[in-house]
Amino acid sequence: QPPLPLWCAPPLRHHRPPCCLCACREGRERVPMADSGVETGFSPSSPSSRKRRRTDAPAVGSCGSAELLDVAVIDGAGRVGLPLGLVLAELGHRVRLLDRDSAALETIRKGSLPFLEEKGLDLLTRCLAEFPDRLQISSDYSLVRECTVIIVTVGTPVDEHLNPDFTVGEAGVRALRPFLRDGQTLMLRSPVFPGTAERLAAKLKEEGLDVGVAFCPERLAEGRRVTELREVPQLLAGSSASALAHSRLLFGPLAVDLVELGLLEAEVAVLFLNAWRYVVLGTANQFYHIATSKGLDFGRVRKAIMHRYRRALGFPGAGLTAGPRLFKDTMQLAAYCRHTFSLGHAAMLVNETMPDCLLDQAKRELALSGRTLAGAKCGILGMAFKPDSDDGCESLAFKLRRLLSWEGAEVRCTDAHLHREDFVDAGSLIEWSDVVFVGCPHEGYKDLAFRDTQLVFDCWGALDHTQPTVNIEPGQPLRGEEAPLKVAIIGGAGHVGLPLSLVLADCGHHVFSVDVDHAKLDSIRAGKFPFLEAGGPELLTRCLKEFPERLTLTDQYSSVRECDIIIVTIGTPVDEHLNPCFSVIEVCVKSLRPHLRNDGQTLVLRSTLFPGTSARVRAALEKGGLGGVGLSFCPERIAQGEALRELRELPQIVSGSSAAALAHAKALFGPLGVDLIELELQEAEAAKLFLNAWRYVVFGTANQFYHIATSKGLDFERIRSAIVDNYPRAAGFPRSGFTAGPCLFKDTMQLAAYCRHTFSLGHAAMLVNETMPDSVLELARRHLAQERRQLAGSRCGILGMAFKPDNDDLRESLAFKLRRLLLWEGAEVLCTDVYMRRDDFVDAARLLERCDLIFVGCPHREYRQLTFDGRHQVFDCWGALGHHSLPIAAPAPLMAAAATTATTTTTAAVEVPAAAAPVAKRVAVA
């Protein structure tokens, strides 16, 4: 899914913050937010998204006489409430930290924190020493009467049936009810079931109270809340203008973006964010399941995938995905859509069984030496739910301990930050244990030394002892004394073969492009590129003009005989039962066999293969008396239409059945000047499937959010744009759209077949992605039903029929499925595509003239300039037509002793340059 601008949905409201309300140190820098890692504690692999330095933000040291708020923080001694209360007090608000935990309150009064919090202790010391009048610590909830804003940090848990449990929140509000008065704002801070805020507002109004309700979700990393409160944009929502105004006054001094949504939108936004992270982490964990079951090192394969490959942005490592939020919020979202959130349920089953996976892995290893877990001395390193935390809430390390005890193992545990009587220190645990499991990889464990006889199971891949090694070499251009290779490319006129042929010829190799499509070959000989490819026509012209001797176009397989390397661009398709079909590659190799030499040639397989296919082809060659032909698998990971550029930019994974085959692969791709990453044959095959299946699941998650949002009358793109605004942990959160084409679906089903169709997340993503046309159709039906119309007899137009934008490839395009569905409903359907000419297509102008229902099948850039009149109803699941403008109100700096403030207005046009990139804003001051 390529870069697209945002669709013109109802505009979000952004507010730039006022200056700090209290006297602060002059000239203090705002530190960009670090990419601190996901809730499970293992860091996202994506590079940190640098928060732009805001040139128009007021200095964080100026002060003024703005309205200071009296604030009560309920559960103010907790992990959410205490950091928030301290920061608000530092900003100038008068804060009451209210909590029933008298021991925690006493700890705070004495200047200590009851839990780990980066920079928290220093801030608490400052608050108690420099402005104790702004921080009141108490268990007396009657102090709520004195406050303007009451912040409730208790969310909605789920019960044993995975349904929301409203009793906790309702009991908390009942406890506050005697102390509420008109004019206050009750602010919900933790994730709640969608509709909770509106329900609470209605309840208070019913009781005759003029109390506003705000929902301002917390999206901070545990242990870094003090730091991130000043860096992460704040979502705001309120039941009334006064509730929203109170929210702005409360968070404005933080000097972060304030993004306004409706109450329901904000509630859903935080669930989407946490559920998306849970599914993404679950996908990595399911890959770990698959890899270990096949004897592969997932950490090593992932390292190869990630190396300098931008489309793997956000591809996480495996680990025990736990903690107080991600699981709970995913189940809240599932309950919100009546448990139709198939990807969320699949992720839950994967993540919750990671301890079982580790147990099975240990059983297999022990069985090799005739041992079992019964009686084994097992140690668990780290019991917190995330690294460098002292929070054991919902930690799966405790589940691992229960499983080991059930198997009859003797178990000891340690944790660098959790101190319990039944824990031992790390040194004695390692000395005692025969088997060590990494439950939580705290920083201090990374360089621990283990005995050679110890078995260590580290699903996180975080310890130095378990770090995978991958050989990576830089490519080098051909030197004068080096003879160029003779290379045959089977399928050399296709989308994969032709760009590769031209680039290899341009690098100095002698290339034979072999293809049976005579029309394409004639077109290429005439200097006409047969499909869209950036820079393709220019490079083809140069090859034909400047070095025609390096490029031979032929339909004869016999040319293979004189070549050193034969590249096959034919992969393994799937049949109608979603199982791999080996006949295509077998027929191709059989056709090549009479022309192969048994003296050191190398057969390079380039397209996606079912794992084990390379070894199978190699065995077939040996059986046919061609044991001297080496075999290499070097997967293509290029974006269609950008091959010429990316072949010279993206690292190349190489593998070989022998040292000679691997050397040939390096000599082939080395002149491209890219890094060469060495893997074993089956590792390379799995790496390609893991990458494409991961992308398919990620897109499927966004598409399922689109299903959920539209079924609830919400605008998914509007919510998504609020989530990703300057929020590094949402890097890689894609838009919705038709996820199709010749690779992602097929490769996901190949991976599913590889693990005997236990790839639950892949199957769930397939069902979501393949039903996106149905979802768009249902949305159209609902809109028409409101006007007492139906699709039968309607004139429907589909804009764009290719499988991806700015491309002329229609293979597996879901726009054609949408057309079939509309025709089945009895609609009259017209189609257009700016890059494809077909007798049954019309131009865009005629389509807009004839049709009143417009469906975006593929958002080519040319369609962004189209204008629609009042009769057009546009259904755009991509969120791609036009620009999403976000009005930004920028309060002027507060003047000392000023009773009022002047406000200037700025307007920002927001473009998201890529699904995996942070939002970039261009601000023009009006």
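Before I count anything, a word on terms: by a helix I mean a DSSP run of H or I that is at least four residues long, and by a strand a DSSP run of E of at least two, both numbered from the N terminus. With that in place, the protein chain in this predicted model comes to 28 helices and 29 strands.

Let me stay with the whole chain for a moment. It has 926 residues, of which buried residues make up 61%, and the chain exposes about 35,100 Å², with carbon and sulfur atoms supplying 53% of that area. If we take the contacts between residues at least 6 apart in sequence, 76% of them join residues that are at least 24 apart.

I would like to turn now to helix α9, which runs over residues 298-306 and is mostly covered, with 7 of its 9 residues buried. Those buried residues are Phe 298, Arg 300, Val 301, Arg 302, Ala 304, Ile 305 and Met 306, so you will notice that two arginines are on the list because they, too, fall under 20% relative accessible area. What do the buried residues of α9 pack against? Their partners are two helices, α8 (263-293) and α22 (681-711), together with the strands β21 and β22.

Both ends of α9 deserve a look. At its start, a side-chain oxygen of Asp 297 reaches to within 3.0 Å of the backbone nitrogen of Gly 299, and after the helix comes Arg 308, whose phi is positive, near 50°. Further along, in the loop between α9 and α10 (326-336), we find Gly 314, which counts as buried because its relative accessibility is 15%. Gly 314 and Arg 277 are separated by 37 residues in sequence, while their C-alpha atoms are 9.8 Å apart in space.

The two strands that α9 packs against, β21 and β22, bring us to the sheet. This is an open sheet of 3 strands in the order β14-β22-β21, and its pairing is mixed. The edge strands, each pairing on one side only, are β14 (472-474) and β21 (652-654), and the twist from one strand to the next averages 30°. As a general reminder, strands of a sheet pair through backbone hydrogen bonds, either parallel or antiparallel. In the case of β21 and β22, the latter covering residues 675-678, the pairing is in the parallel sense over 3 bridges, and Gln 652 stands opposite Leu 676 in β22.

Next, a pair of helices. Helix α25 (residues 760-770) and helix α26 (residues 772-786) pack at an angle of about 45°, with their axes 4 Å apart, and they are therefore oblique to each other. The contact is made by Val 768, Asn 769 and Glu 770 on the α25 side, and by Met 772, Pro 773 and Asp 774 on the α26 side.

Finally, a single residue, Ser 513, which lies in strand β16 (residues 510-514). Is Ser 513 buried or exposed? It counts as buried, because its relative accessibility is 0%. Its side chain is joined to that of Ser 501 by a polar contact of 2.8 Å. Leaving aside residues up to four places away in sequence, Ser 513 touches Ile 489, Gly 492, Ser 501, Leu 521, Leu 551, Thr 552, Leu 553 and Thr 554.

How values were computed: Residues numbered from 1 in each chain as written. Predicted model: local features only at pLDDT ≥ 70, side-chain atom pairs only at ≥ 80, totals over all residues. Heavy atoms only, no water. Pairing = 2+ DSSP bridges. Axes fitted to C-alpha atoms, helices over the stretch in contact; angles between N-to-C directions. Buried < 20%, exposed > 50% of the residue type's maximum accessible area, 1.4 Å probe, protein only. Contact = heavy atoms within 4.5 Å. Areas by Shrake-Rupley, 256 points an atom, 1.4 Å probe, with all protein chains shown as cover. Polar contact = N/O pair within 3.5 Å; in protein donor to acceptor, adjacent residues only side chain to side chain. Parallel < 35°, antiparallel > 145°, perpendicular 65-115°, else oblique.
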